[in-house]
Amino acid sequence: MSVTAAKGFTAAGIAAGIKDSGNPDLALVVNNGPRLAAAGVFTSNRVKAAPVLWSEQVVKGGRISAVVLNSGGANACTGPKGFQDTHATAEKAAQVLNKGGLEGHSAGEIAIASTGLIGINLPMDKLLPGIEKAATELSAHGGEKAAIAIKTTDTVHKTAVAGGEGWTVGGMAKGAGMLAPGLATMLVVLTTDADVEADGLDTALRDATRQTFDRVDSDGCMSTNDTVLLLASGASDVTPGYDEFAAAVRTVCDDLARQLIGDAEGASKDIRIEVINAATEDDAVEVGRSIARNNLLKCAIHGEDPNWGRVLSAIGTTQAAFDPDKLNVAINGIWVCKNGCVGEDRDLVDMRYREVKITADLAEGTESAVIWANDLTADYVHENSAYSS
């Protein structure tokens, strides 16, 4: 259940001293081949962290031999020094891996990912020696430790696995805040031992991300560091059909995305928003995101109040095609709004449980989309007001 579930990969997670707490904060994932194919998607935030800028260039070559990930500092908004530190990290990793007998590594094929507080330079005197230590602990069983090392405000580490006959897709993710669409959500590394070229990885990853990570919207805040990478070792010597492979990638992404929502900061409710009978898929996604970002509704859900008027209000702010007099809304299966008016008795809605399902029927077509969100709680406010301290 990790990035080392697929053959051909080793990983490690250690405490390098980047975090004052002494908790694990540095992860290393290595592709031992024989194939080194890779693809990636990154935040669409125009303010991008140095590791994102670096890894965007690395992935253009279609090859990644290793990934260095750190928590405890985002290395975002750190100017030229931040990019130099990222370059130095890749150079150090290549040097250490080559010296350790894993020959063929170059800095230009090593991706870097960072997460943590924005605007603080990383302690390179701890990070660089940490890479040496991590390299000595690389193991085919090291995936779980790597997943633990990339946590920030996460309460649990997140891993998933899927696959087919003779081949596997595994992955790890971190994320508990700043979860909003932008091609990717937080830090994710996926691995496969299927023998797939970079172009196939890219297509499968982008399709999966569009339907999973890009439809997680916990708090409407887009990170500067969001990174999702997919690495293929080809170690199984199996080339699955594209549809089968893409379905496995999507399964792992969907599993990880759901875990991100389940661990979102301060949340007491997970909200599944399904928009149905839309004229287009884009309309369905736009409406779903508008509902997901309505703070009044999120507060109502926290208070277990089936306030469907706030759903209609959110729908009304979009450019989607709909007739206000034909809108229908269900909360946990009770159609509390029918044809834009009062529907079934709202007292029938049972909201005691963690998952709340909202269905918005636009009555305009046949397209649909699902967006996942959370309620808004006092714990969320506390978590983010004290984040820097």
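Strand β1, residues 9-14, is largely enclosed by the rest of the structure, because six of its six residues are buried. The model is a predicted one.

The side chains of β1 fall into two sets: Phe-9, Ala-11 and Gly-13 point one way, while Thr-10, Ala-12 and Ile-14 point the other way. Residues of both sets are buried. The partner of β1 is strand β2, residues 26-31; the two run antiparallel and are joined by six bridges. Within this pairing, Thr-10 has Val-30 of β2 opposite it.

The protein chain as a whole contains ten helices and 15 strands. Its radius of gyration is 22 Å against 21 Å from the globule rule for 389 residues, so the chain is as compact as a globular protein of that length. The C-alpha trace spans about 70 × 50 × 35 Å along its principal axes.

Among contacts in the protein chain with a separation of 6 or more, 79% link residues 24 or more positions apart. Of the 389 residues, 55% count as buried.

Surface and charge values for the protein chain are as follows.

| Property of the protein chain | Value |
|---|---|
| Exposed area | about 15,300 Å² |
| Part of the exposed area supplied by carbon and sulfur atoms | 49% |
| Positive side chains | 33 side chains |
| Negative side chains | 51 side chains |
| Separation of the centres of the positive and negative sets | 4 Å |

Note on methods
Residues numbered from 1 in each chain as written. Predicted model: local features only at pLDDT ≥ 70, side-chain atom pairs only at ≥ 80, totals over all residues. Heavy atoms only, no water. Buried < 20%, exposed > 50% of the residue type's maximum accessible area, 1.4 Å probe, protein only. Helix = DSSP H or I, 4+ residues; strand = E, 2+ residues; numbered from the N terminus. Pairing = 2+ DSSP bridges. Rg over C-alpha atoms; globule rule 2.2 N^0.38 Å. Contact = heavy atoms within 4.5 Å. Areas by Shrake-Rupley, 256 points an atom, 1.4 Å probe, with all protein chains shown as cover. Lys, Arg positive; Asp, Glu negative; His and termini not counted. Charge placed at Lys NZ, Arg CZ, Asp CG, Glu CD.
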